[in-house]
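User: Could you take a close look at the pockets in this one? I'd like to know what lines them.

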Amino acid sequence: LSLADAHQQKEWQEIKEAMGKGEVLTVKIKGANSGGLVADIKSIKAFLPVSQLAGDHYPRVESGDKQEIINELRKLVNTDLKVKIIDFNIRSEKLIISEKETVEEDIKKLVSQYKAGDVISGIVSGVTNFGVFVKFADQPMIEGLVHISELDHRLIDHPKEVAKIGDEIKVKILEIKDAQVLLSLKALKSNPWEQASEKFKAGDIIKGTAYKFNPLGSVINLDYDLQGLIHVSEFGGLDEMKKQLEIGKEYQFVVDAVKPEERRIILKIAPK
């Protein structure tokens, strides 16, 4: 037992030295779970979180389904990855590794050529439930993220409504933090709310398409790339609203109020 203990202490010391030097290690992936990948460094189990995967290995699952993410991660089992040690705790036997750290220095140098406000051409490299990944056309090693809130001025249910893998798009750089690049597609689109008061007036009878339900009511897609909301109280309850409105179907509504500063158009049921 003493020999085994001494051997493990030696391994932890080597891990500490490797981390201090920023050494790049090659590990074989032994397993996967919803949080990431498992490997061994010497005889010590190491964990590689999903967030620490390099862009090419990050699971791009449109639905965000956990089982689908695990299935994508399992494709990396038995493959060799280059990693750096980023954290460890001997007492809890915790050892965290990163693939992303092995490429970040190179990416930081490339990213230094750009600044917030720049408009770049890119290619959509991934679509998930929280946003769209975009590789720079002139520097494919750089990959940025357009968060779902930065895809359009209107509310969207899923990024796949706006972009698909392989699309060539122009995006604006919002922020560069180390090797992370945040992008916006919305910033390059005209804001329809600036003309909302001209397009719609209180009392107008208009047509709109039921887009989605939420606890407050139903979001309605209107002309001019605008959206309105009809409150659930107009129907007497959520169940009754779902009986009277069908997602994707067009109906007539009365404009109750237009509030561009709040990005709100309040609708009521049109009289029959």
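Analyst: Here's a walk through the two largest pockets, with a stop at one strand residue afterwards. Keep in mind that this is a predicted model.

Let's start with the largest pocket, which holds about 690 Å³ of space. It is lined by 27 residues, and L53, A54, G55, K100 and E143 are the ones closest to its centre. Four elements give two or more residues each to this lining: the helix α3 (101-111) and the strands β7 (131-136), β8 (143-147) and β10 (180-184). Of these, α3 makes the largest contribution, with 4 residues. As for chemistry, the lining of the largest pocket splits into 14 nonpolar, 6 polar and 7 charged residues.

Now the second largest pocket, at about 280 Å³. Here 15 residues do the lining, and L155, W193, V219, Q227 and R263 sit closest to the centre. Strands β13 (227-231) and β15 (264-269) each bring at least two residues to the lining of this second pocket, and β13 has the largest share with 3. Its lining comes out as 7 nonpolar, 4 polar and 4 charged residues.

Last stop: V258, which belongs to strand β14 (residues 250-259). Beyond its neighbours within four places in sequence, V258 touches A196, S197, F200 and K201, along with R264 and I265. The C-alpha atoms of V258 and E198 are 9.7 Å apart, though 60 residues separate the two along the chain.

Definitions and conventions:
Residues are numbered from 1 along each chain as its sequence is written. This is a predicted model: local features need pLDDT of at least 70, side-chain atom pairs count only at pLDDT 80 or more; totals for chains, interfaces and linings use all residues. Side-chain values use heavy atoms; hydrogens and water are left out. Contact means heavy atoms within 4.5 Å. On a 1 Å grid over the protein atoms alone, a cavity is a set of points where a 1.4 Å probe fits but cannot get out, and a pocket is an open set with protein on both sides within 12 Å along at least five of seven lines; lining residues have an atom within 4 Å of a point. Grid points are joined across faces, edges and corners, and a volume is the space filled by probe spheres set on the points. Ala, Val, Leu, Ile, Met, Phe, Trp, Tyr, Cys and Pro count as nonpolar, Asp, Glu, Lys and Arg as charged, and the others, Gly among them, as polar.
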